[in-house]
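Student: I've got this one open and I'd like to go through the labels people put on it. Can we take them one by one?

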Protein chains: 2
Amino acid sequence: MKAEILTIGDELLRGEIIDSNKAFLAERLLRIDVETRFQSSVGDDPADMEDALRRAARRADVVLVSGGLGPTRDDLTIDVLAKTFDRKLVLHAPSLAAIRDFFARLGREMAEVNAKQAWLPDGAEVLPNPIGTAPGCLVLAGEVPIFCLPGVPRELERMMDEQVLPRLEARQAGRTVVRARILRTFGMGESNLEEALSDIAQDGAVTLGFRTTFPDNLLRPLARAATVADAEARLDAVCTAIRERLGALVYAEGDEPLEAVAGRLLRERGATLAVAESCTGGLLAERITRVAGASSYFLGGVVAYANTAKQALLGVPADLIGRHGSVSEPVACAMAEGARERFGADFALATTGISGPGGGSAEKPTGTVCIALARADGTHAGRFVFPLDRERHRSLTVQIGLDWVRRTLLGAPLEAPTLMRRPA
Amino acid sequence: MKAEILTIGDELLRGEIIDSNKAFLAERLLRIDVETRFQSSVGDDPADMEDALRRAARRADVVLVSGGLGPTRDDLTIDVLAKTFDRKLVLHAPSLAAIRDFFARLGREMAEVNAKQAWLPDGAEVLPNPIGTAPGCLVLAGEVPIFCLPGVPRELERMMDEQVLPRLEARQAGRTVVRARILRTFGMGESNLEEALSDIAQDGAVTLGFRTTFPDNLLRPLARAATVADAEARLDAVCTAIRERLGALVYAEGDEPLEAVAGRLLRERGATLAVAESCTGGLLAERITRVAGASSYFLGGVVAYANTAKQALLGVPADLIGRHGSVSEPVACAMAEGARERFGADFALATTGISGPGGGSAEKPTGTVCIALARADGTHAGRFVFPLDRERHRSLTVQIGLDWVRRTLLGAPLEAPTLMRRPA
């Protein structure tokens, strides 16, 4: 099954927003073995839209359209869709009621212009939108299903998962069932991973895909079987084999980020965390507090950018900085221990480094970073050199720190994995 | 002039990366009045690529292609381009030398596979790549220029500005010259801005566009004239009129983010800054330290997520928290003053609020936030309610704080502008 994704809106063609819907839809389609063959975008122009819809229905087996479902004059997708495939627009009473309800829940009256969103092509299957006003719809162009979804990412994402994917899977009924999972790993390069898993999923029942989203590497086992139960059983077996082989390198399944995993473990164990940051400049604390509810285990942090701040707020001895320099394992340890003591936390992470651009020396090149984790039984520290740009340098440093917390709570070793000793 | 943007790569169609190149290219084209009419993406499939190239050359006046210029087997753009428009590939000796030089500068030998990147279509104009190995090229399909650029955003962005835009402008020679600028504003809603500027740029020589990128509103005056000097003079006049009308609401021109503007002012005045964050959880410090060289004015910060941390690290009196609650103007002031004193900074910003989801009460609903700025002459504080999701709540809070620093350094009033008193 080959898909085309068509996104609609002048704002895309003016470059005002980066279109993330296409990547989301393509990734989700791949999970049920539907390959995206074409992506296109046109503005709010009826002729261009009609042309794009016809081409998509001709060359693809399924078409996903996003955008242009709003209530204003510019929102033409449903009109053009109906015209292109010779449908009339009919009022869908349940959708009108849902839109009125939506506004009632906000304590507002529905503007008359919103009634337009309840007019849908005759014969279309309506896809309810539980968190917005625009319902989606499914229209068949001959054999080809055309799914229309709103452009608002939150709404599109939910409707893709709840409305589109089950229907596409049902259309594949009788065909082989396909199921995929994502295992998230951190700490080993992609080629080493491939090598480590070379004998896994070799019987043809499951194929194993690899993908990098810096600084993580994702594994994507995909199973084909006659039934869902069979496909899931095959995935279970392969995921178990991968986890046995890789141990703590696998940190999560699906979309869960490392800060959420570390946070969950801290909460489960009733443990608390504090941070002391120099080169990461607040990013470590920001990542931790992105997780709603982080206040139950995260006490806080110090961003000690200036050396005087390292001394005054973390109690790092001036002569330690004088002897070793602020980018050194002893100073990272002192920062972590200072934060642990001052916040009264069970664990404290510290970072100090040269994220660049510039600032390096022969002895400590740009990209040098020292990380420390203070625990009740002592402080663990490591020194690394990552020749990366400023943004990725900070991001990798944060990921290592969060991973050390996770490994500590799992009782796994903190040894610096392959990735970290080499230029990435 | 109508443009088509064509991006190439299996990774796009698998949804592995979000394609930001399209938005970048479209925005840049618009600055010289070239409208993007179509955007498409295909995978590394020669037939799909050829089809997309032919269609683009037929329906657009200029085509920008990105991706597929690498050295590996998957990188087919140049091959397919040559075949589609009946060109031979010829070795471009200066490009081969440039690629060898590129590796030599890294202290490495060029792999033979990279030599492929110096083979370009006969008659193509070569577009040098100063920061990567893949040169770009310009091929004419009849009258239609087809520009091929690498997919690496950094390289593409630089080559767009240095190679593509000047050539497109030259092709427009004889036509009207077009120049546009971006003025960045923060603190007034889009409709209020439109109203405030309703009498500006009404003579037809300059058109004024509006655009929102949360939490900022951007103004985009665009001038058409017979010469560059004329267009620039018209823009100068309109920008001056806008700045006179809006005063400190305009914080920058072009791409400069607010943290860079505030940082520049701090550096110019030899002043220093510290922060104390609760609800923003490190984001404020992270934004400030995203700017390379921030260490010359940013001393550091405390992320005081727990109340005990507010007391221990910032000296906020326990009874102040008891009386007013941690989300209150008195506590925000005490946090800012504590940070200012402990870091020995000229200015200190503090944030404390309920970013949600949940955590609110009748008196202090979710979305409440208090912000304070401590200065030598006293501490300024404000309390706001922003019914936004967690991420945007934190982002808006940070922007207000940075704007207060900027306004203080400019001697502008800190009054809370319209946007901030209302639900956004």
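Tutor: Let's start with a loop. In this predicted model, Pro357(B) lies in the loop between β16 (347-353) and β17 (368-375) of chain B.

Student: What makes the bond between Gly356(B) and Pro357(B) a cis peptide bond?

Tutor: Its omega is about -5°, and the bond is listed as cis. Chain A has one too, joining Phe214(A) and Pro215(A), with omega about 0°. Pro215(A) sits in the loop between β11 (206-213) and β12 (216-225) of chain A.

Student: And what is noted about the phi of Asp33(A)?

Tutor: Phi is near 70° there, a positive value in a residue other than glycine. You'll find Asp33(A) in the loop between α2 and β2 of chain A.

Student: On to helices. Why are α3(A) and α4(A) called oblique to each other?

Tutor: Helix α3 (residues 46-59) and helix α4 (residues 77-84), both of chain A, pack at about 55°, with axes 10 Å apart. Angles under 35 degrees count as roughly parallel and 65 to 115 as roughly perpendicular. The angle of about 55° fits neither, so the pair is oblique. The crossing of α3(A) past α4(A) is right-handed.

Student: Which residues make that contact?

Tutor: From α3(A), Pro46(A), Met49(A), Glu50(A), Leu53(A) and Arg54(A); from α4(A), Thr77(A), Val80(A), Leu81(A), Lys83(A) and Thr84(A). By class that gives five nonpolar, two polar and three charged residues.

Student: Now the sheet. What is the order of its strands?

Tutor: There are 10 strands in an open sheet: β18(A)-β17(A)-β16(A)-β14(A)-β15(A)-β15(B)-β14(B)-β16(B)-β17(B)-β18(B), with mixed pairing.

Student: Why are the β18 strands of chain A and chain B said to stand at the edges?

Tutor: Each β18 (378-385) has a single partner strand, so one side of each is left without a neighbour in the sheet. Ignoring direction, neighbouring strands are turned by 10° against each other on average.

Student: How do you know that β15 of chain A pairs with β15 of chain B?

Tutor: Count the bridges. Pairing asks for at least two bridges, and five join β15 (residues 298-304) of chain A to β15 (residues 298-304) of chain B. The two strands therefore count as paired, and they run antiparallel. Gly301(A) has Val303(B) as its bridge partner, and Gly300(A) stands opposite Ala304(B).

Student: What packs on the sheet, and which strands does it touch?

Tutor: Helix α14 (residues 390-410) of chain A packs there, touching β14 (273-277), β16 (347-353), β17 (368-375) and β18 of chain A, and its direction makes about 25° with that of β17(A). Helix α11 (residues 307-314) of chain B lies across β15 of chain A together with β14 (273-277) and β15 of chain B, at about 145° to β15(B).

Student: How many residues does each chain give to the contact between A and B?

Tutor: Chain A gives 53 and chain B gives 53. On the chain A side, the elements that give two or more residues include α1 (10-13), α2 (21-31), β2 (35-42), β15 and α13 (329-343). By class, that side has 27 nonpolar, 15 polar and 11 charged residues.

Student: Last one: where are the domains of chain A?

Tutor: Domain 1 covers 2-174, domain 2 covers 178-253 and domain 3 covers 258-421. The centres of domain 1 and domain 2 of chain A are 33 Å apart, taken over C-alpha atoms.

Notes: Residues numbered from 1 in each chain as written. Chains lettered and ligands numbered in written order. Predicted model: local features only at pLDDT ≥ 70, side-chain atom pairs only at ≥ 80, totals over all residues. Axes fitted to C-alpha atoms, helices over the stretch in contact; angles between N-to-C directions. Helix = DSSP H or I, 4+ residues; strand = E, 2+ residues; numbered from the N terminus. Parallel < 35°, antiparallel > 145°, perpendicular 65-115°, else oblique. Left-handed = near helix turned anticlockwise from the far one by under 90°. Contact = placed C-beta atoms within 7 Å. Nonpolar A, V, L, I, M, F, W, Y, C, P; charged D, E, K, R; others polar. Domains from an automatic or database assignment.
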